[in-house]
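Biologist: I am new to this structure and would like to go through it step by step. Could you set the terms out as we reach them?

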Amino acid sequence: MNQFLYTIETPAKTIGGDVYTNDLETAENGCIEWASDYGYSCVRNNVTGEIVFDYGDIFEMVEQGIVWQLNMCHTLPRI
């Protein structure tokens, strides 16, 4: 199990895509910053698995094949 409460997931960020923190405000600010750079980012609660915050255009990521399921933010490229 992850030792941090939140994971910031940024599908289009191929190097260092996931960032971990225990502070929701820090996670939200990072999410907004990376979504501005990469198009979309979300914050996942590592206890519940739920996305608690997201920012950007997930549909663009789906169209590009970066995200293949709308109910999950984690990047699994289409093959």
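Modeller: Let us begin with burial: a residue is called buried under 20% relative accessible area, exposed over 50%, and partly exposed in between, with a 1.4 Å probe and protein chains only. This is a predicted model, in which local features need pLDDT of at least 70 and side-chain atom pairs count only at pLDDT 80 or more, while totals for chains, interfaces and linings use all residues. Residues are numbered from 1 along each chain as its sequence is written, and side-chain values use heavy atoms, with hydrogens and water left out.

Biologist: In what order do the elements of the protein chain run from the N terminus on?

Modeller: Helices (H or I, at least four residues) and strands (E, at least two) are DSSP runs, numbered from the N terminus. The protein chain has 2 helices and 4 strands, and 32% of its 79 residues count as buried. Read from the N terminus on, the order of the elements is β-β-α-β-β-α.

Biologist: Which strands are the edge strands of the sheet?

Modeller: Two strands are said to pair if DSSP finds at least two bridges between them. The 4 strands form an open sheet with antiparallel pairing, in the order 2-1-3-4. Pairing on one side only is what marks the edge strands, and these are strand 2 and strand 4.

Biologist: Which residue of strand 4 is the bridge partner of Arg44?

Modeller: Strand 3 (residues 40-45) and strand 4 (residues 51-56) run antiparallel and are joined by 5 bridges. On its other pairing, strand 3 meets strand 1 in the antiparallel sense over 4 bridges, where Val43 in strand 3 stands opposite Ile8. For Arg44, the bridge partner in strand 4 is Ile51.

Biologist: Which residue in the hairpin of strand 3 and strand 4 takes a positive phi near 80°?

Modeller: This hairpin has 5 residues between the strands. The residue in question lies in the loop between strand 3 and strand 4, and at 34% relative accessibility it counts as partly exposed. Its C-alpha atom is separated by 9.3 Å from that of Tyr6, 43 residues apart along the chain. The residue with the positive phi near 80° is Gly49.

Biologist: Which side chain meets that of Arg44 in a salt bridge?

Modeller: A salt bridge is a side-chain nitrogen of Lys or Arg within 4 Å of a carboxyl oxygen of Asp or Glu, and a search of the whole structure finds 1. The two side chains meet at 3.0 Å, N to O. One partner lies in strand 1 (residues 6-9) and Arg44 in strand 3, so the pair ties together parts that are 35 residues apart in sequence. Both partners are buried, and the one that meets Arg44 is Glu9.

Biologist: Why do the buried residues of helix 1 lie on the same side?

Modeller: In helix 1, the residues Ala27, Gly30, Cys31, Trp34 and Ala35 are buried. An α-helix has 3.6 residues a turn, so residues three or four places apart point the same way. On the other side of helix 1, Glu25 and Ser36 are exposed. Taking the arc as that of the directions from the helix axis to the C-beta atoms, the buried residues are on the same side because they cover an arc of only 135°.

Biologist: How far apart are the end C-alpha atoms of helix 1?

Modeller: The expected span of a helix is 1.5 Å times one less than its number of residues. For the 15 residues of helix 1 (residues 24-38) that should give 21 Å, and the end C-alpha atoms agree with this, being apart by 20 Å.

Biologist: Is Trp34 buried or exposed?

Modeller: Trp34 has its place in helix 1, and what covers the buried residues of this helix includes strand 1, strand 2 (18-21), strand 3 and strand 4. With contact meaning heavy atoms within 4.5 Å, and leaving aside neighbours within four places in sequence, Trp34 is in contact with Ile8, Thr10, Lys13, Val19, Gly39 and Ser41. Of these, Gly39 takes a positive phi of about 100° just after helix 1. At 18% relative accessibility, Trp34 counts as buried.
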